[in-house]
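Please look through the sequence and the model shown here before reading on. The paragraphs that follow lead from one part of the chain to the next, and it may help to find each residue as it is named.

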Amino acid sequence: MATFRFEALKAASNRPPVAVSEIGKKSEIFGSNVFNDKSMRQHLTPEAYKAVRSAIDQGVKIDRRMADYIALGMKEWAMSKGVTHYTHWFQPLTGTTAEKHDAFFETSFDGSDPVEKFSGSLLVQQEPDASSFPNGGIRNTFEARGYTAWDPTSPAFIFGTTLCIPTVFVSYTGEALDNKAPLLRALSAIDDAATEVARFFDKNVKKVTPTLGWEQEYFLIDDALAASRPDILQTGRTLLGHVSAKGQQLEDHYFGSIPTRVLNYMRDLENECMLLGIPVKTRHNEVAPNQFELAPIFEETNLAVDHNSLLMDVMQKVGERHHFKVLFHEKPFKGVNGSGKHNNWSLATDTGINLLAPGKTPNSNLQFLTFFINTIKAVSNYEELLRASIASASNDHRLGANEAPPAIISIFIGQQLTKVLEELEGVSTGKLSPEEKTDLKLNVVGKIPDVLLDNTDRNRTSPFAFTGNKFEFRAVGSTANCATSMTTLNSIVAKQLIDFKKEVEALVEKDGLKKDEAIFNVLREYIKETKDILFEGDGYSKEWEEEAARRGLSNHKTTPAALKAKVSKKAFDLFGELNVMNHIEVESRYEIELEDYIKKIQIEGRVLGDIVRNHIIPTAFKYQNLLIENVKGLKEIFGKDYEEYATEQILILKKTSMHVNELNAKLHAMMDARKEANALESVEKMAHAYCDNVKPYFDEIRYHADKLELMVDNELWTLTKYRELLFTR
Ligand SMILES: NC(=O)CC[C@H](N)C(=O)O
């Protein structure tokens, strides 16, 4: 009997929900473990408080003396909450977060004068021994230093007994070694560009903040069951497993009543989030069995990105208390929905206006249309780069089916806005007559709020959909660090807004148009130029693939193919011009992502080999031996007539042998393909070889293993089955 599997099943099915104690009203506990404005005011001198505020609001540098005062206040606040350690908390290019805890505790070498200390220099900058993080060749070994530098725009927080200080991670020569530094630069670029354009409409605007509201989808699997599957443990997904008879076809899980064990997990998690100042608001069952979703209130992008990275860590930790393993993989199970991390993006002014929400006056609506159409133009110009920003080995499995968008980037805006754009396309060239202006203001621009109220149609196959007051970038994968896609999106829109401003000003200065006339003129041209990126239909259809090809849209189905756009001249120019990333930073990321791709497929190949050799084939042999015993017995009893009674057994013996032979053959072929790939010199070639020559064997191997699963005695099968993984809760 497959003891491990059955013990895991027993443990999982006897698991009572873990009780969760309420810790008070959310509004009262929210942010109590965050060194936020309120705690800063309480624990810092007025001078130190002012210094942090101007660093946050205007990017003013904090001097060392002031940093000492801030560190002192921060330490006192943290110690009043039982904190013993501090860490610079950063996001290296592994996609996850990194931390190295140091105690506040210090003593002299003879053990006298033990004391708790924390200085400004330790707060502001540190030099972690970071030579083992991916750097894509930025740091060569003799200059292997990297340092972390405090990012005051994301507040320090306490997790457990550690004070975590969000930082950027840069090389000694100043190149970003993390996801945060380029993001901060992109946010600054779009702030500058969008503020200039917003000032066309309102001179009071001084700052534009990109906002992000992510939606995190995930699967919860009992940890004993997860531990019984080497593939889940090592790759985050099932490499094998026959789909269960019941999957999601009854559509009975989505928004259904949340299972008690899961609800308790969610409540516990929400409590932690409240303390950490992560404003989670929504929780529900997602479409696939054992799939769920959590979403916060949107925040300023840098904070939202930090919060999502922190959340993924906290989700796993809280999961341990509830005996759940959280699967963030984009496609942990074949045949049911995968998981995305839809990024809801917008732009907010310091005057309290959402630039992607229609307003109440024609002027504010023209402002809305300006930002709306410029975003469309940006995506249209850089669709390939946007596709590259969401590329990963795991997201490749998700794109193109089960309510996840296809690999072709397009924009969904809904019927009503399509009509508005059609009408605007008819705007006259050059100066506008008073009648035309009145008509535009009353009947086109003036009507927008009403039509949007009716705009309730949704399109789940769209990678980038306008949803009334924001764009939803649905193609982002559930494991992703949002920084990558947000750096790209904010950069391309920043670049577009810079160009737009120049074009409008040229029409005003050279052609003598009024500002609103110039805006209408430029927008009209954009509408004409961006038709190809707009698509309202079924993103999965063959027709769309053909149509998209005719329109010249990219359709990169695999990561190695998609990533190439990251090192195009267009990308270098964009990031360079905006000071988001220099040539080395762009190139190193490309290399790191290719390496990551290679390693992921390599690991999957190895795990698959292990499972087939150590689980599937031995189990098939055991079952064959049972059948052989059975046939021998029948022969003993029935003599030469035994065949009549052993037909099925003999058939199964033949079929299982055939599948085992095939498994062996494919496994060897895969190993040969791996060897060939490994011998290649360039990472680019190696990634393509893994993608085109190694990975295709996975499905072939799976096919035979899954067939065996259907044939072999359930009692012998060692791998926990889909029905058990997906329906135990
Ligand atoms: N209902 C939904 O929005 C499903 C989305 C889907 N899980 C995805 O991969 O993006």
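A good place to begin is K570, whose charged end sits over the ring of Y382, at 5.1 Å from the centre of that ring. Please keep in mind throughout that this is a predicted model, and that the distances and angles in the text are computed from it. A second arrangement of this kind involves R261, which lies over the face of F324 at 4.2 Å from the ring centre.

The ring of F324 also leads to the aromatic pairs, of which the structure holds 25. A pair of aromatic rings is described by the distance of the centres and the angle of the planes. For Y265 and F324 the centres are 5.9 Å apart and the planes stand at 75 degrees, and because an angle over 60 degrees counts as edge-to-face, that is the name given to this pair. Since Y265 belongs to helix α10 (residues 260-275) and F324 to strand β14 (residues 324-327), the pair ties together parts that are 59 residues apart in sequence. Both Y265 and F324 are buried.

The pair of F500 and Y526 can be read in the same manner: the ring centres are 6.1 Å apart and the planes are at 55 degrees, so this pair is tilted. The pair links distant parts of the chain, with F500 in helix α18 (residues 482-511) and Y526 in helix α19 (residues 515-529), 26 residues apart. F500 is buried, and Y526 is buried as well. Elsewhere, one aromatic cluster is formed by F368, F372, F464, F466, F471 and F473.

We can now turn to the ligand and ask which residues are around it. They are E217, Y254, E286, G338, S339, G340, H342, R398, E403, A404, R460 and R474. Sorted by character, the residues of this shell divide into six charged, four polar and two nonpolar. Among the contacts with the ligand, one joins a nitrogen atom of the ligand to an N or O atom in the side chain of E217, at 2.7 Å. A nitrogen atom of the ligand also lies 2.8 Å from a polar backbone atom of G338, while an oxygen atom of the ligand is 2.8 Å from a polar side-chain atom of H342. On its own the ligand has 300 Å² of accessible area, and the protein covers 98% of this.

The backbone deserves attention too, and here a general expectation is useful. Most residues other than glycine have a negative phi. F255, although it is not a glycine, has a positive phi of about 60 degrees, and N290, also a residue other than glycine, has a positive phi near 65 degrees. Where in the chain does F255 lie? F255 is found in the loop between α9 (230-235) and α10, whereas N290 has its place in the loop between β11 (280-285) and β12 (291-296). Is each of them buried or exposed? F255 has a relative accessibility of 55% and therefore counts as exposed, but N290, at 1% relative accessibility, counts as buried.

One further loop residue completes the tour. V34 has its place in the loop between α2 (26-29) and α3 (37-43), and because its relative accessible area is 8%, V34 is buried. V34 and W77 are 43 residues apart in sequence, and in space they are 9.7 Å apart, taken from C-alpha to C-alpha.

Definitions and conventions
Residues are numbered from 1 along each chain as its sequence is written. This is a predicted model: local features need pLDDT of at least 70, side-chain atom pairs count only at pLDDT 80 or more; totals for chains, interfaces and linings use all residues. Side-chain values use heavy atoms; hydrogens and water are left out. A residue is near a molecule or strand if one of its heavy atoms lies within 4 Å of it. A polar contact is a pair of N or O atoms within 3.5 Å; within protein, one must be able to donate a hydrogen and the other to accept it, and residues adjacent in sequence count only if both atoms are side-chain atoms. Accessible areas come from the Shrake-Rupley method with a 1.4 Å probe; for residues, only the protein chains shown count as cover. Ala, Val, Leu, Ile, Met, Phe, Trp, Tyr, Cys and Pro count as nonpolar, Asp, Glu, Lys and Arg as charged, and the others, Gly among them, as polar. Rings of Phe, Tyr and Trp (its six-membered ring) pair if their centres lie within 6.5 Å; planes under 30 degrees apart count as stacked, over 60 as edge-to-face and the rest as tilted. Helices (H or I, at least four residues) and strands (E, at least two) are DSSP runs, numbered from the N terminus. Buried means under 20% relative accessible area, exposed over 50%, partly exposed in between (1.4 Å probe, protein chains only). A charge sits over a ring if NZ of Lys or CZ of Arg is within 6 Å of the ring centre and within 35 degrees of the ring normal.
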